[in-house]
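These are my notebook entries from a first reading of this structure. I looked things up one topic at a time and wrote down what I found.

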Amino acid sequence: MLAPRRFNLEDRKGKQMSKSSALQASITVGVIGAGAMGSGIAAIAAGAGHRVLLHDADRRAIERALGTLATEFDKQVAKGRLSAEERNARLARIHAADTIDALAPCGLVIEAIVEKLDVKAAVLRSVEAVVAQDAIIGTNTSSISVTAIGAHLARPARLVGMHFFNPAQVLPLVEVVSGKSTDPAVANVIFETARAWNKVPVHCASTPGFIVNRVARPFYAEALRLLSEGAAAPATIDAILREAGGFRMGAFELMDMIGHDVNYAVTSSVYEGFYQDPRFTPSLLQKELVDAGWLGRKSGRGFYDYANPAPAVADAAPQTAPSQIAVEGDLDCAAALVDLAGRAGIGVERNSGPGDNLCVAGVRVALTDGRTATARSAEAGAPFVLFDLALDYVGCTRIALAPADQVTGNQIAAVVGLFQKLGKSVSVIDDASGMVVMRTVAMLANEAADAVHQRVASVHDVDLAMRKGVNYPVGPLAWADTIGVRTICTVLDNMSAFYGEDRYRISPLLRRRALANSALVAD
């Protein structure tokens, strides 16, 4: 084994690199692990001008990775996204490293290997023994504590999480994760390096799930709970999340794409990491899929059967719209519905009344507040039909409705006809607390607020991570401000009362902002 040498962060031209700036392109980057993630990271570094040494315990994996990268670069050339000259230059910068010792010249080494602490620690100890003392070691772990990995190293201050998202060459986010011992200057160098590599970096502390895998848990969990309660089928819940909520993919199709073995394992890891906090309780429905080997797209079956046509979304049959509606209150974030009704030729009468709702054919139509429609009907002594949250009530193409048990068939038909007249497809779901989009967004905002409250990351970085890492249409904290922080708290309080579970407890930061009537995101 080579003796450790001093690496002074100086390029061959003698230009000293500032500890607050990106690594110079002349610095060699090592990547350990030639799978999809490792090869993607190698391609990114090579694209930024670095010489890259790619190592894997299996030499054939390196050869496959180089072949795959050549094919991917050829496709980019064919699409005009890359010149033939740059394609050749990038490939020429990536070299096979047969041994760990061969990584000695690297100023940055990033591991992207199996998610096992003992394996990562052993490999990175070997790296430490051959690279310069001030070389930086990055770990692409998505679920293991950077602090725990660092505890096995001689120089934990030089270790930092550099969590890319799959596919690394496509998704822009990089979580720069600081363990307890990580030198802040090292984290800043990696932050600036990721930015120089045309990525979108965010800082965060090493806690279970970091930012994205923690804050995103409710997106899957609430959909799974709705399914377990029979609120609607997966295809309908997915359609509501996409067409009303503005999410790029529904929860079930996204879980099928990720793979249920992977998604369930991440949920379980976060659940155990937070000492079995009920907010992160894994779903028995998903465990059943894993046990059955129905892992999603990669196995041909998950919540969807990919050998057969996609199941139909529950669309309400066409109904006659009412000619007149009455409006009580201002409907808050759903106020645009009143303007839509007027533009659609429906007469609108403004009345004083006990709440923010529409009156249609003797039934009150209101935005869900976390209570069920049946409970609100019993409390008010009048029938209710609830509608779900939408990202944009003007632009959305679908709305979800939940009728109370007290509502008649004619009454729900009139409400369906109203929303159809407004240009929306309508999905009528069972009377579920918080419905689909509202409960999902409320729980995402709550978890995001708690991550900020616990100093995991800043408001800006949490929202940025969720937009760039998982393509949310709006950061959950900014979304909560749009809806109203008090409204979010009301929804969660009502859901907590309905279920009687700690799962829906409100983050202290969210509660404080509601009491102060102030925003989560600073102007």
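**Entry 1: cavities**

I began with enclosed space in this predicted model, and I found two cavities of 30 Å³ or more. The largest cavity has a volume of about 70 Å³, and its lining includes R217, Y220, A221 and L224, together with N263, Y264 and T267. I also noted T281, P282, S283 and Q286 among the residues that line the largest cavity. Helices α8 and α11 each supply at least two residues of this lining, and the largest share, four residues, comes from α8.

**Entry 2: the largest pocket**

Next I turned to open space, where about 1100 Å³ lies in the largest pocket. Of the 39 residues that line this pocket, M37, F165, N166, I258 and V262 are the closest to its centre. I then asked which elements each supply at least two residues of the lining of the largest pocket. They are α1 (36–47), β6 (159–164), α7 (212–215), α8 (217–228), α10 (251–258), α11 (260–273) and α17 (459–470). Among the contributors, α11 gives the most to the lining of the largest pocket, with six residues.

**Entry 3: unusual backbone**

I kept in mind that most residues other than glycine have a negative phi, and that most peptide bonds are trans. Against that background I noted the bond between N166 and P167, which is a cis peptide bond with omega of about 0 degrees. P167 has its place in the loop between β6 and β7 (173–178), and N166 is one of the residues closest to the centre of the largest pocket.

I then looked up two residues with a positive phi that are not glycine. N198, with phi near 65 degrees, is found in the loop between α6 (184–196) and β8 (200–205), and I asked whether N198 is buried or exposed. N198 counts as exposed because its relative accessibility is 69%, and the cut-off for exposed is over 50%. Y275 has a positive phi of about 55 degrees and sits in the loop between α11 and α12 (284–292), where its relative accessibility of 76% means that Y275 counts as exposed too.

**Entry 4: T28 and the strands that follow**

T28 is found in the segment before β1 (29–32). At 5% relative accessibility T28 counts as buried, since buried means under 20%. Leaving aside residues up to four places away in sequence, I listed its contacts as R51, L53, P105, C106, G107 and L108.

L108 led me to strand β4 (residues 108–111), from which L108 and I110 point one way while V109 and E111 point the other way, and all of them are buried. This fits what I know of a regular strand, where the side chains alternate between the two faces of the sheet. Strands β1 and β4 pair in the parallel sense over four bridges, with I32 opposite E111 in β4. Four bridges also join β4 to strand β5 (residues 136–139), again running parallel, and the bridge partner of E111 in β5 is T139.

**Entry 5: a sheet of seven strands**

I traced an open sheet of seven strands in the order β10-β9-β11-β12-β13-β14-β15, with mixed pairing. Why is one side of β10 (347–351) and of β15 (425–428) left without a neighbour in the sheet? Both stand at the edges, each with a single partner strand, so one side of each has no neighbour there. Neighbouring strands of this sheet are turned by 30 degrees against each other on average, direction ignored.

At the β15 edge, four bridges join strand β14 (residues 398–403) to β15 in parallel, and V428 in β15 is the bridge partner of L401. Helix α15 (residues 409–421) packs on the sheet, touching β9, β11, β12, β13, β14 and β15, and its direction makes about 165 degrees with that of β14. Helix α9 (residues 234–243) lies across β14 and β15, running at about 125 degrees to β14.

**Entry 6: helix α13**

Last, I looked at helix α13 (residues 336–343), in which L337, V338, L340 and A341 are buried. These residues lie on the same side of α13 because they cover an arc of only 160 degrees around the axis. The buried residues of α13 pack against β9, β10, β11, β13 and α15. Just after α13, I noted that G345 takes a positive phi of about 90 degrees.

Notes:
Residues numbered from 1 in each chain as written. Predicted model: local features only at pLDDT ≥ 70, side-chain atom pairs only at ≥ 80, totals over all residues. Heavy atoms only, no water. Buried < 20%, exposed > 50% of the residue type's maximum accessible area, 1.4 Å probe, protein only. Contact = heavy atoms within 4.5 Å. Pairing = 2+ DSSP bridges. Axes fitted to C-alpha atoms, helices over the stretch in contact; angles between N-to-C directions. Arc of directions from axis to C-beta. 1 Å grid on protein atoms, 1.4 Å probe; cavity = no way out; pocket = protein on both sides within 12 Å on 5 of 7 lines; lining within 4 Å. Points joined across faces, edges and corners; volume = space filled by probe spheres on them.
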